[in-house]
Amino acid sequence: PTMKNHTSTHIMNWALREVLGDHVQQKGSLVDPEKTRFDFSHNRPVTAEELTRIERLCNEQIEADHRVYTQEVDQARARQINTLRAVFGEKYPDVVRVVSIGADIDAMLADPRNERWMRYSVEFCGGTHVNTSREAEHFVLTTEEGVAKGIRRVVGISGDAAIEAETLGAALLAEARLLLNRGDASTDQSRPPQADEGAALDSSASLVERLVDLQKRMNESVIPLRVKHELQTIVSDLQKQAKAQEKAAASASADAVKDAVASLLASAETVGGVAVVVGEVPAARADALRSAIDWIRNKTEASAVVLAGVDGDKVTLLAGMSKD
């Protein structure tokens, strides 16, 4: 896994330059069996479109099954190769190990300024690599962030981990889209229900509960960054839906409370000229119950009110009296 991640790091370094420009310089990296972490010079966040292009270029290089060449070369000669990348400020020995992914090193030394070498990753490197790029299998970017002024950091994974991330990301995306479609359907009476819509989602859970669960799994899962960006857009739409549904539900429960209170008032006992209104009303928010009590005050000369609401295992009791 470390070898796969290391070769992927070289390919990603090349892809960053291709997409963002020649100003990109390596500022640090960490390669281990789990990931590749790469810091580079760039003065703004990498856009979603740029990240997608970088990832696509990496996978094109992997799928091309390039041979990974290694050779010890005189440093001065190696630096003449136009595509070669070296860590700025790093001190290298007179003889360096060159790692090229896809381009024969002797051919490059014979014609170092040839433009076609720019299509390949070539670096000074003493580390371990796979034999061909296809051995890396697949590559995905999982995070992108700023770590210092003018320095960005990306994290990527390759091999089985990348394939698992793609699978998990696709499943979360499918679930989010289904949830979004169900939310749209709830406000569209002309749309007939789909037979398979209940299979992936718990119909007893509210949209808010499903949304919270989806966000939790999004945050805990290692998935491609491009998928995470798409999920965040869907989640934003779902949050708007959830607010609209909560508002509609609150309005409906408030109307139900008013109807119940009107019935309670009509049958209320009068004690010493005071209407005593006591009874259970449909589950509603406390502000809806307060509004109901205010409505009774406005309808009576003098009143004493106790309303009770039950929501699952939660009981709400609210009491109020007129000034009289």
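**Helix faces, salt bridges and cysteines**

In helix H6, the buried residues are Leu-207, Arg-210, Leu-211, Leu-214 and Met-218. These residues cover an arc of only 100 degrees around the axis, which puts them on the same side of H6. The other side of H6 carries the exposed residues Val-212, Asn-219 and Glu-220. These assignments, like the others below, come from a predicted model. The length of H6 also works out nicely: its 14 residues, 207-220, should span 20 Å at 1.5 Å a residue, and the end C-alpha atoms are indeed 20 Å apart.

Helix H8 invites a similar look. With 14 residues (286-299) at 1.5 Å each, H8 has an expected span of 20 Å, in agreement with the 20 Å that separates its end C-alpha atoms. Buried in H8 are Ala-288, Leu-289, Ala-292, Ile-293 and Ile-296. Viewed down the axis of H8, these buried residues fall within an arc of 145 degrees, so they line one face of the helix. What do the buried residues of H8 pack against? Their partners are helix H7 (225-266) and three strands, namely E10 (274-281), E11 (303-311) and E12 (314-321).

Attention now turns to charged side chains. Side chains of opposite charge can pair when their charged atoms come close. In this model, the count of salt bridges comes to 14. One of them joins Lys-4 to Glu-137, with the closest N and O atoms 2.6 Å apart. Lys-4 belongs to helix H1 (residues 2-20), whereas Glu-137 sits in the loop between strand E6 (121-124) and strand E7 (139-148), so this pair ties together parts that are 133 residues apart in sequence. Lys-4 is partly exposed, at 23% relative accessibility, and Glu-137 is likewise partly exposed, at 33%.

A salt bridge between Asp-39 and Arg-153 has its closest N and O atoms 2.7 Å apart. Asp-39 is in strand E2 (residues 36-41) and Arg-153 is in strand E8 (residues 151-158), so the pair ties together parts separated by 114 residues in sequence. Asp-39 is buried, its relative accessible area being 10%.

Within a single helix, Glu-60 and Arg-56 meet through their side chains in a salt bridge, at 3.9 Å from N to O. Both residues lie in helix H2 (residues 48-63), where they are 4 residues apart, about one turn of the helix. Glu-60 is partly exposed with a relative accessible area of 42%, and Arg-56 is partly exposed as well, with 44%. Salt bridges also link Glu-55, Glu-166 and Arg-226 in a network.

The cysteines make for a shorter account. How many disulfides does the model contain? The count comes to 0. For Cys-58, the closest cysteine sulfur is that of Cys-125, and the 16 Å between the two sulfurs is too far for a bond. Seen from Cys-125, the closest cysteine sulfur is in turn that of Cys-58, again 16 Å away and too far for a bond. Are these cysteines buried or exposed? Cys-58 is buried, with a relative accessible area of 1%, and Cys-125 also counts as buried, at 12% relative accessibility.

Note on methods. Residues numbered from 1 in each chain as written. Predicted model: local features only at pLDDT ≥ 70, side-chain atom pairs only at ≥ 80, totals over all residues. Heavy atoms only, no water. Helix = DSSP H or I, 4+ residues; strand = E, 2+ residues; numbered from the N terminus. Expected span 1.5 Å × (residues − 1). Buried < 20%, exposed > 50% of the residue type's maximum accessible area, 1.4 Å probe, protein only. Arc of directions from axis to C-beta. Contact = heavy atoms within 4.5 Å. Salt bridge = Lys/Arg side-chain N within 4 Å of Asp/Glu carboxyl O. Disulfide = S-S within 2.5 Å.
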